[in-house]
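Visitor: I am new to reading protein models. Could you take me through one, feature by feature?

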Amino acid sequence: MRTLNEITVVGASLAGLRAVQTLRREGFDGEITLVGAETHLPYNRPPLSKSVLRGDDDILLPGAEELSDGWLRGRTAVRLNPAARTLTLDDGAEVGYDGLVIATGARPRRPGGGAHTLRTLEEALALREELARGHEHVVVIGGGFIGGEVASTARELGLKVTLIDAGRYPMHAGLGDAAARWLAGLHERSGVELVSGVRVRAVHEGRVHLDDGRSIPADLVVAGMGVLPNTEWLDGSGLEVGDGVLVDERLFARGSAEIVAAGDVARWPHSLYGGTLVRIEHWSNANEQGAAAARNLLAGPGAAQGFADVPGFATSVHGSRVQTAGLPHLGDRADVVTGAPEEDRFAVAFSRDGVLVGAVAVNSPKDLIKLKRGVAAGASPHTIYDAS
Ligand SMILES: Cc1cc2nc3c(=O)[nH]c(=O)nc-3n(C[C@H](O)[C@H](O)[C@H](O)COP(=O)(O)OP(=O)(O)OC[C@H]3O[C@@H](n4cnc5c(N)ncnc54)[C@H](O)[C@@H]3O)c2cc1C
């Protein structure tokens, strides 16, 4: 381990907390400063679109309550000066470092017009309150995992729901044809009105206006239209930014030996996919990458390890569990390898040049595990299913 005396972590959520915990676990006994724009103890975001909307408030991340010294709560980094190894906070204070972890995550695209978005605890509580008011008609913009989960919860509450998605089917890009078509069917069977293949132009005075000229009345609008990485504070720093902080395979900012990035904000070349640049917006990635970035920072670029975990996420919609592994969209072929969409239980293997690159499993967790191993090993889908 090289000698560092003062490490600053910016972003006090999942990746940032994991970085702090890992620094201490690896024996770093220097000063750690954690800068976080939010004032809460670090909490888990996945429940915000699930159990929190149904009344659950127990979402602290394990170990969050152990943060004490060196945590600058409710403070935002506004500028970075790598040459001086300092960052400036919103109140003008300067924080020095000899090692820096960037874990500033992402924020939702906001269409305005009173549409709710869902990233923070405050936003989830505000939406919960609105849902409890029993609005008659909820319009959800975007059928990704957040939009799908909100639609599912609103149906559980007995509300009328319209889900608008720009793709052919919701989540088409991430799940591929068979699973996305099945998901669209599931939404419809569960009473969600689907409006697909059209973009939202504006939200205005209780109506959602679509690109094709239609406009849909809404008592409550919720937008899950994707996120933007929080990198503006790095403008002018000289750090390379492009849909995230560009880092190398060991998570070091390009050209830097003392700055690493992790979580939703980091974009790195994934060695499993021939060095394709990826930015992954999933829990397990932020969890593992926060720890890996901290270990690599302590080790230094020469001894650091490449980060090549297989990405994956899970979502529950209308009582069905959908899980993914790897990057299905990189596949040039998709095969349903077990079960069938009509049975609401199946798995799809995505391969490129005969090598597994991703998988989607619907109500088939064991198949997901098997396929995920296959993705990590660069196996062919046939060897996995012929061998079992
Ligand atoms: C509603 C919801 C549901 C989700 N469900 C799932 C799911 O089911 N499965 C799954 O895999 N993933 C899910 N995710 C995604 C997952 O939560 C994220 O991938 C994860 O939170 C990323 O962690 P992070 O630490 O990289 O970033 P974030 O959680 O975005 O945290 C970044 C932190 O940095 C702070 N910050 C930003 N800029 C600054 C600055 N300049 N100075 C100081 N602080 C700053 C922010 O305030 C924030 O607290 C969900 C996300 C949301 C919002």
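Visitor: Let me start with one residue. Is Asn 363 buried, partly exposed or exposed?

Guide: First, a caution: this is a predicted model. Now the general idea. A residue counts as buried under 20% relative accessible area and as exposed over 50%, with partly exposed in between. Asn 363 has a relative accessible area of 25%, so it is partly exposed.

Visitor: Where is Asn 363 found?

Guide: Look in the loop between β25 (355-362) and α6 (365-377). Check the backbone there too. Phi of Asn 363 is near 50°, a positive value in a residue other than glycine.

Visitor: Why point out the sign of phi?

Guide: Because most residues other than glycine have a negative phi. A positive value is therefore a thing to look for. Leu 251 is another case, with phi near 80°.

Visitor: Which loop holds Leu 251, and is the residue buried or exposed?

Guide: Leu 251 lies in the loop between β17 and β18 (259-261). Its relative accessible area is 0%, so Leu 251 is buried. Compare that with Asn 363, which is partly exposed.

Visitor: Now strands. How do I read a hairpin?

Guide: Find the two strands, then their sense, then the turn. Take β4 (residues 77-81) and β5 (residues 86-89), which pair in the antiparallel sense over four bridges. Asn 81 has Thr 86 in β5 as its bridge partner. The two strands form a hairpin, with four residues between them.

Visitor: What is the phi of Arg 85 in the turn?

Guide: Arg 85 has a positive phi of about 55°.

Visitor: Can we follow one residue of that hairpin? Which residues does Thr 88 touch?

Guide: Start with its place: Thr 88 is found in strand β5. Its relative accessible area is 9%, so Thr 88 is buried. Leave out residues up to four places away in sequence. Thr 88 then touches Thr 76, Ala 77, Val 78, Arg 79, Ala 93 and Glu 94.

Visitor: Which way do the residues of strand β7 point?

Guide: For a strand, sort the residues by side. In β7 (residues 99-102), Gly 99 and Val 101 point one way. Leu 100 and Ile 102 point the other way. All of them are buried.

Visitor: Which strands pair with β7?

Guide: Among them is β1 (residues 6-10), which pairs with β7 in the parallel sense over four bridges. There, Val 9 has Val 101 as its bridge partner. Next comes β18, joined to β7 by three bridges and also running parallel. In that pair, Ile 102 has Ala 261 as its bridge partner.

Visitor: How do I read a sheet with three strands?

Guide: Read the order, then the edges. One open sheet has the order β17-β19-β20, with mixed pairing. Its edge strands are β17 (245-246) and β20 (276-278), and each pairs on one side only.

Visitor: How many bridges join β17 to β19?

Guide: Two bridges join them, and the strands run parallel. The β19 strand covers residues 266-270. Val 245 stands opposite Ala 266 in β19.

Visitor: Let us try a helix. Where is Ala 184, and what does it touch?

Guide: Ala 184 lies in helix α4 (residues 172-189). With a relative accessible area of 6%, Ala 184 is buried. Leave out residues up to four places away in sequence again. Ala 184 then touches Tyr 169, Pro 170 and Leu 194.

Visitor: How far apart are Ala 184 and Tyr 169?

Guide: Give two distances, one along the chain and one in space. Ala 184 and Tyr 169 are 15 residues apart in sequence. From C-alpha to C-alpha, they are 6.0 Å apart in space.

Visitor: Now step back. What is the secondary structure of the whole protein?

Guide: It comes to seven helices and 25 strands. Of the 388 residues, 54% count as buried.

Visitor: What radius of gyration would a compact globule have?

Guide: With 388 residues, it would be near 21 Å. The protein has 22 Å, which agrees. Its C-alpha atoms fill a box of roughly 60 × 55 × 35 Å along the principal axes.

Visitor: What about the surface and the charges?

Guide: The accessible surface comes to about 16,500 Å², and 48% of it belongs to carbon and sulfur atoms. The protein has 39 positive and 49 negative side chains. The centres of these two sets lie 3 Å apart.

Terms used. Residues numbered from 1 in each chain as written. Predicted model: local features only at pLDDT ≥ 70, side-chain atom pairs only at ≥ 80, totals over all residues. Heavy atoms only, no water. Pairing = 2+ DSSP bridges. Rg over C-alpha atoms; globule rule 2.2 N^0.38 Å. Buried < 20%, exposed > 50% of the residue type's maximum accessible area, 1.4 Å probe, protein only. Areas by Shrake-Rupley, 256 points an atom, 1.4 Å probe, with all protein chains shown as cover. Lys, Arg positive; Asp, Glu negative; His and termini not counted. Charge placed at Lys NZ, Arg CZ, Asp CG, Glu CD. Contact = heavy atoms within 4.5 Å.
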